[in-house]
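Here are some notes to read with the model open beside you. Go through them in order and turn the view as you read.

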Amino acid sequence: DDEDENDDENDYHNKSADLARKGKNREAVEMCVRGLEKFPNNMDLLADAIKYSSDIGDVGAAESYLDKLNERVPRNTWNWRAYTFVLDFLMKNLSKNEKTCREIIDDYKKNLPYEEKSSVAESELEEKLGNHEKSKEILAQAIKERFNAPQSALRLLDLQLQHGEFEEALR
């Protein structure tokens, strides 16, 4: 996965994602860094850098990339990847980040209303806070509101099974 001098933003993103899929998260971060040297405002590279830095336990780097994302890319223009990767990172420290997570989820739902990942993220937040019933309600609502919500359906089934709600899961 070497660089080419003609690589564009998508090439760096795709190469970093490929490295991460192979379990090479440190190399994936390095690829993001090289891409960001050429394309410092690229939302996907910043989101990738947050995710892969967090995955290798480099919280300081992830926070730095999050600051850069917030400075360089207006939140109302974020794509699913930016919202999802930022929320995944922030939810690792909910005692500190719950309010920010809720604000980001609200923006996610407002700015990408047809993206079911916002409901999955909101459900995950509630589950992590111990609000099992609310978590399930969010997913059930997402399934009801959207013609196609496979991630919500699978997550709801998973929650029901985790909590021993087998009769409910079979319905």
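1. A term to start with: a crossing is called left-handed if the near helix is turned anticlockwise from the far one by less than a right angle, and right-handed if clockwise. With that in hand, look at helix α2 (residues 25-38) and helix α3 (residues 43-55). Their crossing is left-handed. Do keep in mind that this is a predicted model.

2. How do the axes of α2 and α3 run? They come within 9 Å and cross at roughly 150°. Angles over 145 degrees count as roughly antiparallel, so α2 is roughly antiparallel to α3. On the α2 side, the residues that meet α3 are N25, A28, V29, C32, G35 and L36. Facing them from α3 are L45, L46, D48, A49, Y52, S53 and D55.

3. Next, α4 and α5. These two pack with their axes 11 Å apart, at an angle of about 140°. That makes them oblique to each other. The crossing of α4 past α5 is left-handed. From α4, the contact uses V59, A62, E63, L66 and L69, while α5 brings A82, V86, F89 and L90.

4. Is A82 buried or exposed? This residue of helix α5 has 0% relative accessibility, so A82 counts as buried. Not counting residues up to four places away in sequence, A82 touches M43, A47 and L69. Its C-alpha atom is 19 Å from that of L19, and the two residues are 63 apart along the chain.

5. Follow one of those contacts to A47, which has its place in helix α3. A47 is buried too, with a relative accessible area of 0%. Leaving aside neighbours within four places in sequence, A47 is in contact with R81, A82 and F85. Try T84 as well: A47 and T84 are 37 residues apart along the chain, and their C-alpha atoms are separated by 8.7 Å.

6. Now for the rings. How many aromatic pairs does the structure hold? There are four. One of them joins Y83 and Y108, which are stacked, with 4.5 Å centre to centre and 5° between the planes. This pair links distant parts of the chain, as Y83 is in helix α5 (residues 80-90) and Y108 is in helix α6 (residues 94-111), 25 residues apart. Both Y83 and Y108 are buried.

7. Which residue joins Y83 and Y108 in a cluster? Look for W78: ring pairs link W78, Y83 and Y108 together. W78 also has a charge for company, since the charged end of R75 sits over its ring, 5.6 Å from the centre. Another tryptophan, W80, has K117 over its face, at 4.6 Å from the ring centre.

8. Last stop: N70, in helix α4 (residues 59-72). Why is N70 called partly exposed? Its relative accessible area is 40%, and partly exposed covers what lies between the 20% and 50% cut-offs. Leaving aside neighbours within four places in sequence, N70 is in contact with R75 and W78. By contrast, N70 and E137 are 31 Å apart in space, C-alpha to C-alpha, and 67 residues apart in sequence.

Notes:
Residues are numbered from 1 along each chain as its sequence is written. This is a predicted model: local features need pLDDT of at least 70, side-chain atom pairs count only at pLDDT 80 or more; totals for chains, interfaces and linings use all residues. Side-chain values use heavy atoms; hydrogens and water are left out. Rings of Phe, Tyr and Trp (its six-membered ring) pair if their centres lie within 6.5 Å; planes under 30 degrees apart count as stacked, over 60 as edge-to-face and the rest as tilted. Helices (H or I, at least four residues) and strands (E, at least two) are DSSP runs, numbered from the N terminus. Buried means under 20% relative accessible area, exposed over 50%, partly exposed in between (1.4 Å probe, protein chains only). A charge sits over a ring if NZ of Lys or CZ of Arg is within 6 Å of the ring centre and within 35 degrees of the ring normal. Axes are lines fitted to C-alpha atoms, for helices over the stretch in contact, and angles run from 0 to 180 degrees between N-to-C directions. Angles under 35 degrees count as roughly parallel, over 145 as roughly antiparallel, 65 to 115 as roughly perpendicular and the rest as oblique. Contact means heavy atoms within 4.5 Å.
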